[in-house]
Amino acid sequence: MMNAASEAESRLWNWSGCFADLAPADQRAVAQLVKAGRAIEGTVDEILQRLRRTRMVTMIREGENGRVAGVAALKEPSRNYRLNKFADAGVAIAGFENAPELGYVVIHADRRGQKLSGGLVELIAQQLSEPTFATTDSNTMRNNLTRSGFIRVGQDWQGHKGALSLWVFPPR
């Protein structure tokens with residue numbers, strides 16, 4: 001049986017905002033989770049630099065001030081990166097030339113299988129007011145993107161870990 005303190009710690013809290021608004025220890029915890037989840041390659045310090053360029057970060061905490069259990073971000077990719085992803089999928093980029101990318105969706109290893117990533121994707125999707133895109137090689141993410149209003153476009157292409165697909169979120 002859980003006592004009141006352990007029950008409060010087990011509750012999950014959602015937070016969304018600017019990465020810069022997080023305390024330095026939370027920024028590092030997010031970067032470490034992104035690294036551990038292999039969302040991107042690089043050192044924690046390199047990942048911190050990339051996270052500082054995001055438009056928004058959404059995270060799940062265990063308790064109000066507990067461990068970061070999941071994260072997703074709305075990234076600001078370079079023009080060339082955007083062009084390359086749409087070209088890889090064989091799709092015209094029209095309307096998405098300045099689009100942010102949903103990415104860095106990672107759930108802590110001991111929290112996977114609890115359907116938390118879908119909640120993170122949905123939290124970001126609810127706040128979107130402009131064309132946005134995502135790429136993924138994960139069936140779980142494909143399902144999350146579909147439930148959150150993203151549409152799969154173009155053809156798959158070979159990424160580092162598997163076949164990638166392009167997903168777009170048209171403005172509402």
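## Exercises on a predicted model

Strand β7 is mostly covered, with six of its seven residues buried. The model you have open is a predicted one, and the exercises below start from this strand and work outwards.

**Exercise 1. Find the strands that pair with β7, and say in which sense they run.**

Step 1. Begin with β6: five bridges join β6 to β7, which spans residues 163-169, and the two run antiparallel. They form a hairpin, with four residues between the strands.

Step 2. Now look for residue partners in this pair. Ile151 has Val168 of β7 as its bridge partner, and Trp157 stands opposite Leu164 in β7.

Step 3. Turn to β5, which also pairs with β7 in the antiparallel sense, over five bridges. Here Phe133 has Val168 as its bridge partner in β7.

Step 4. Put the two together: Val168 is the bridge partner of Ile151 and of Phe133.

**Exercise 2. Work out where the buried residues of helix α3 sit around its axis, and what they pack against.**

Step 1. List them first. In α3 (residues 44-52), the buried residues are Val44, Ile47, Leu48 and Leu51.

Step 2. Check their directions. These residues lie on the same side of α3, because they cover an arc of only 105° around the axis.

Step 3. Recall the general rule behind such a pattern: an α-helix has 3.6 residues a turn, so residues three or four places apart point the same way.

Step 4. Find the neighbours. The buried residues of α3 pack against α2 (24-36) and β4.

**Exercise 3. Name the buried residues of α5 and the elements they pack against.**

Step 1. Go along the helix: Leu116, Ser117, Gly118, Leu120, Val121, Ile124 and Ala125 are buried in α5.

Step 2. Collect the contacts. These buried residues of α5 pack against the strands β1 (12-17), β2 (56-62), β3 (68-75), β4 and β7, as well as against helix α6.

**Exercise 4. Decide whether Gly63 is buried or exposed, and place it in the fold.**

Step 1. Locate the residue: Gly63 is in the loop between β2 and β3.

Step 2. Apply the cut-off. Gly63 has a relative accessible area of 5%, and buried means under 20%, so Gly63 is buried.

Step 3. Look for a residue that is distant in sequence. Leu12 is 51 residues from Gly63 along the sequence, yet their C-alpha atoms are 5.5 Å apart in space.

**Exercise 5. Describe the two largest pockets and their linings.**

Step 1. Take the largest pocket, with a volume of about 1,200 Å³. It is lined by 41 residues, and those closest to its centre are Arg38, Ala39, Thr135, Asp137 and Lys161.

Step 2. Assign the lining to elements. At least two residues each come from α4 (79-88), β4 (101-107), α5 (116-126), β5 (132-136), α6 (139-147) and β6 (151-158). The most come from β4, which gives seven.

Step 3. Sort the lining of the largest pocket by class: 14 residues are nonpolar, 15 polar and 12 charged.

Step 4. Move to the second largest pocket, which holds about 160 Å³ of space. Its lining is Arg50, Arg53, Thr54, Lys75, Glu76, Pro77, Ser78, Tyr81, Glu101 and Tyr104.

Step 5. Sort this lining too: three residues are nonpolar, two polar and five charged.

Terms used
Residues numbered from 1 in each chain as written. Predicted model: local features only at pLDDT ≥ 70, side-chain atom pairs only at ≥ 80, totals over all residues. Heavy atoms only, no water. 1 Å grid on protein atoms, 1.4 Å probe; cavity = no way out; pocket = protein on both sides within 12 Å on 5 of 7 lines; lining within 4 Å. Points joined across faces, edges and corners; volume = space filled by probe spheres on them. Nonpolar A, V, L, I, M, F, W, Y, C, P; charged D, E, K, R; others polar. Buried < 20%, exposed > 50% of the residue type's maximum accessible area, 1.4 Å probe, protein only. Arc of directions from axis to C-beta. Contact = heavy atoms within 4.5 Å. Pairing = 2+ DSSP bridges.
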